[in-house]
Amino acid sequence: NNHIAIAIDGPAAAGKSTVAKIVAHKLSYIYIDTGAMYRALTYKVLQEDVTLEDECAVGHVLHNTSIELVHGDQDQKILLDGRDVSMEIRGEQVTNHVSIVAKHRNVREEMVNRQRQLAKQRRVVMDGRDIGTHVIPDAEVKIFLIASVQERAERRHKENTVKGFPSNLEKLKEDIRKRDKIDSEREVSPLVKATDAIEIDTTSLSIEEVANEILQVVYDIQ
Ligand code: C5P
């Protein structure tokens, strides 16, 4: 059986996408970054000056928006209405507002529909907050990645510094805490570990160690 779905959930900056990409590559599966979909919508909502809290207005924007995940040979591109916004959606502005947009019930229903379409044929590694609990509740492998706030902020801080971006560790910690709080406390499909998910604490593990642990779980069920 090599047609399985792998769901990877967890709090902000726990290394989900890095690990998911490696696992997908090793298995020749498709990687689907659901956070990028919420980020792309947030970017558009900010650009169009739509009130983030206005569920109806935000839902309307999404309804008229195409979001595509294009798989290149190196990295994935995010196309928003046909335009590459892969860089823009990683900015601080989007990062610090995305959780408000992702709270809305109508937004989540539409995103989940789109994500289920993408996962239909299996052979996917999908990462997010509600993949194992809601998007693919029958995923064959469910992983919940966690790490301390300190560790997650330090990793992000290092990434920023390497890229030459301005970065403040305390601010990063504060932002991560805030985002986790909104994501965990929202009414619709909040961030929570699925009862049948395997929890991996990545605080003292390398990226390769985490990826190998997940691959081992995959090989074990096959
Ligand atoms: O994973 P990433 O940090 O890119 O996700 C950005 C935000 O998108 C999360 O903080 C959360 O608010 C939202 N999100 C979500 N459900 C998902 C994926 C992301 O609510 N499945």
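In the predicted model, R122 is buried, its relative accessibility being 15%, a value that falls under the 20% limit for that class. The partner of R122 in a salt bridge is D138, and the closest N and O atoms of this pair are 3.5 Å apart. In contrast to the buried R122, D138 is exposed, with a relative accessible area of 52%. Both residues are located in loops: R122 in the one between helix 6 (105-119) and strand 6 (124-128), and D138 in the one between helix 7 (131-135) and strand 7 (141-146). The two positions are 16 residues apart in sequence, so the salt bridge ties together separate parts of the chain.

Across the whole structure, 19 salt bridges are found. In general terms, side chains of opposite charge can pair when their charged atoms come close. One of these contacts is formed between K171 and E92, for which the closest N and O atoms are separated by 2.8 Å. Distant parts of the chain are linked by this pair, since K171 belongs to helix 9 and E92 to helix 4 (residues 92-95), with the two positions 79 residues apart. K171 is partly exposed at a relative accessible area of 37%, while E92, at 51%, is exposed; the latter value lies just on the exposed side of the cut-off, which is set at over 50%. Through shared partners, salt bridges also join E92 and K171 with D175 into one network.

A further salt bridge is confined to a single helix. The side chains of R155 and E151 meet with an N to O distance of 2.9 Å. Both residues are part of helix 8 (residues 149-163), where a spacing of four residues corresponds to about one turn of the helix. R155 is classed as partly exposed, with 23% relative accessibility.

Charged residues also feature in the surroundings of the ligand. The shell comprises 16 residues, of which R39, R108, D130, R179 and D183 come nearest to the ligand. By residue type, the shell divides into eight charged, four polar and four nonpolar members. Helix 2 (34-47), helix 5 (98-101) and helix 9 (169-185) each contribute at least two residues to the shell, and the largest share, four residues, is provided by helix 2. Oxygen atoms of the ligand are approached by polar side-chain atoms of several residues, among them R39 at 2.6 Å, R108 at 2.7 Å and S99 at 3.1 Å. On its own, the ligand has an accessible area of 460 Å², of which the protein covers 96%. Helix 9 thus appears in two contexts, as a contributor to the ligand shell and as the location of K171 in the salt bridge with E92.

The model also contains an open sheet of three strands, arranged in the order 3-4-5 with antiparallel pairing. Strand 3 (67-71) and strand 5 (83-84) occupy the edges; each has a single partner strand, so one side of each remains without a neighbour in the sheet. Strand 4 (residues 76-80) and strand 5 run antiparallel and are joined by two bridges. Within this pairing, L80 is positioned opposite R83 of strand 5.

Note on methods: Residues are numbered from 1 along each chain as its sequence is written. This is a predicted model: local features need pLDDT of at least 70, side-chain atom pairs count only at pLDDT 80 or more; totals for chains, interfaces and linings use all residues. Side-chain values use heavy atoms; hydrogens and water are left out. Two strands pair if DSSP finds at least two bridges between them. A residue is near a molecule or strand if one of its heavy atoms lies within 4 Å of it. A polar contact is a pair of N or O atoms within 3.5 Å; within protein, one must be able to donate a hydrogen and the other to accept it, and residues adjacent in sequence count only if both atoms are side-chain atoms. Accessible areas come from the Shrake-Rupley method with a 1.4 Å probe; for residues, only the protein chains shown count as cover. Ala, Val, Leu, Ile, Met, Phe, Trp, Tyr, Cys and Pro count as nonpolar, Asp, Glu, Lys and Arg as charged, and the others, Gly among them, as polar. A salt bridge is a side-chain nitrogen of Lys or Arg within 4 Å of a carboxyl oxygen of Asp or Glu. Buried means under 20% relative accessible area, exposed over 50%, partly exposed in between (1.4 Å probe, protein chains only).
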